[in-house]
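Visitor: Can you walk me through this one? I'm new to it.
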Amino acid sequence: MNTKIYKKEISLPDGRVISIETGKLAKQADGSAVIQMGNAMLLATVVSARKASPVDFLPLTVDYREKFAAAGKFPGGFFKREARPSNEEILTMRLVDRVLRPLFPKDYHYETQVMIQLMSHDENVMPDSLAGLAASTVIQLSDIPFEYPISEVRVGRINGDFIINPSRSQLEDSDIDIMVGASYDSVSMVEGEFDEISEEEMTSAIKFGHEAIKLQIDVQNDLVNEVGKKDIREYDHSIENNELLDKVHNHCYESCYEIAKKGLGKKQRSEEFSNVKENLLESFSEEELEENESLILSYFYKVEKEAIRELVLSEGIRLDGRKTTDIRPIWCEVDYLPSTHGSSIFTRGETQALATVTLGTSRDANIIDSPTHQGEENFYLHYNFPPFSTGEARPLRGTSRREIGHGNLAQRALSKVFPKDCPYTVRVVSEVLESNGSSSMATVCSGTMALMDAGVKISKPVSGIAMGLISDGERYSVLSDILGDEDHLGDMDFKVTGTSDGITACQMDIKIKGLSYEILVKALEQARVGRLEILNELTNTIEQPADSVKPHAPKMVKVVIDGDYIGAVIGPGGKVIQEMQKETGTTIVIEEEDEKGIIEILGTNQEMIDTVIQKIDDITFKPEYGKEYDVKVVKILEFGAVVEFRPGKEVLLHVSEIAWERVEKVEKYLNLGDITRVKYMGIDSRTRKQKVSRKILLERPKKKE
């Protein structure tokens, strides 16, 4: 082998090792490396085009894929090849993208592709916790312009002790599951779920993760120094014209400042800013516009942003007239849709989410089948963001990565209060009908109310709030319940959800360097106050889960039977169970578990559900030794009577067990259709058949002297 292989190792506090190797694989990429922990191996590459893209932004693609072969498995389904990415893969792509994207130069508009592939799987390693390290390493090894190295780690907490990159099985015992992305100096991304922890506990978890990230960055730097740092490539920088910028600033700044100060609604505010923009363009000649229109527009948006930010920092006034801690007006409603199993509307300012709940059986569970994880979810949430919610008309091209990410955040927030003993599979769907700031947090709020409206016994209601930040390096303002525009022009988007007792989920993206923990703590405390204010609005609308499901919603009953009777309940070719479903209008699902049959009966008519239970009870009936039963006479014979415990469960009551005296004629004691009481005597040792006795329950006549 002609190429030299370079390798570095990172030691974790518990003795596990992460290794980084470069020089062996994918050498035609601009940068490549293999990250290994245990038997888990990720191949990461980066390639950036040499010719600029015509767009005025960075066309960055972060792609993460898990190969089924990595776990020694075949792809499921008919088409035996990896196809579109799973939700889990998309969520990992988002985790990495959100940390990388702000660190490329603002004027770098070259098609860039970061690809991370799981090539070998280890069930004790969650590969998504290594993806950020892999992506940063290959960029550092390349000549692509990038500000500084970063990394990401997962933090768990088991029995009060923090752990870096826990396994999936360890997470089951952890009350914290948080991904932290950071540079050496500051945290830039946080996402996770928690068992109602405090703000102080969350801050401690972030700090613990940040210390581990610093070690990973040191090792990246050591590797790059050993390989030899490449000279950063030359590229065409954006054209700057300070004279033009000054002209735009002088023409627009005061007007933009005054418009921002009016506290207008989104539509009217947009119209007034648009008027300023049109006046600006009219102030230039046709020749100037032809040469510099795109640059003029770019400077206009820059000046507009500057004016809005300054208003917040100097006067504490926001675009819609609120103070920094104010929450927009809220109104809520439950039981809005007559045919759903549960529904609610949550409206906060110009953001509105309509949530529905559907109750089903285990057949409706969300099946997870990936190379690294297999299982089922009996609670899941889907988030839809149609273009009309922002007053736009654009093509519908399937579920977006953003929709998957926002839905996952809301699902994690609510899963912490979902009852573990819920007999149903529960699907929540959030339809965002209006959006101007944090529709994902509106989804959490509407989802909470819809679950309670449906009668799902969540342990506590959950609310959510999106926090923002505007800072100029010296001054800063933390904003509660941010608008869409404030998200765009601000320096932070921090979403926090929780109950009255603690945090259940969070997602944070920071766009500036050096966010201090002082600001983070202030943002968390301000979020707690706002979250509780929103929670109060929810509980004023619906205080607790409904006592029962709605009359038209399915009732769920679970019956456990001996595994030996599963075949009898199903019947030959499914005949028995199909007839029961047809006769009663119910849905019956049978699963085998630990030599038991778990039967789910779903139906809207309680009487029909009871009928199914009785039929199953009849099929699985097994008399117990020494117990008494009322039986029905179904046949008279010379030597006794055939009696029936349940339909199809018959036994012979022998003539000798009918009465104490000699029975010459059975009809003298019993007739067809009679109900008589017998005692079950078990299996007769002589005949090896079941034996019952009637006479043993009668008073025995005294012997004659």
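Guide: We'll go through ring contacts, then one helix. This is a predicted model, where local features need pLDDT of at least 70, side-chain atom pairs count only at pLDDT 80 or more, and totals for chains, interfaces and linings use all residues. Residues are numbered from 1 along each chain as its sequence is written, and side-chain values use heavy atoms, with hydrogens and water left out.

Visitor: How many aromatic pairs does a search of the whole structure find?
Guide: The search gives 14. Rings of Phe, Tyr and Trp (its six-membered ring) pair if their centres lie within 6.5 Å; planes under 30 degrees apart are stacked, over 60 edge-to-face, the rest tilted. Y108 and Y235 are edge-to-face, 5.1 Å centre to centre with 90° between the planes.

Visitor: How many residues apart are Y108 and Y235?
Guide: They are 127 residues apart, so to speak distant parts of the chain linked by the pair.

Visitor: Which rings are in the cluster?
Guide: Ring pairs link F104, Y108, Y110, F146 and Y235.

Visitor: What about Y383 and F385, buried or exposed?
Guide: Both are buried, meaning under 20% relative accessible area (exposed is over 50%, partly exposed in between; 1.4 Å probe, protein chains only). Their rings are stacked, at 6.3 Å and 10°.

Visitor: New topic. What is helix 8 like?
Guide: Helix 8 covers residues 401–415. Helices are DSSP runs (H or I, at least four residues), numbered from the N terminus. Of its 15 residues, 12 are buried, so helix 8 is largely enclosed by the rest of the structure. Among them are E403, H406 and R412.

Technical notes:
Helix = DSSP H or I, 4+ residues; strand = E, 2+ residues; numbered from the N terminus. Expected span 1.5 Å × (residues − 1).
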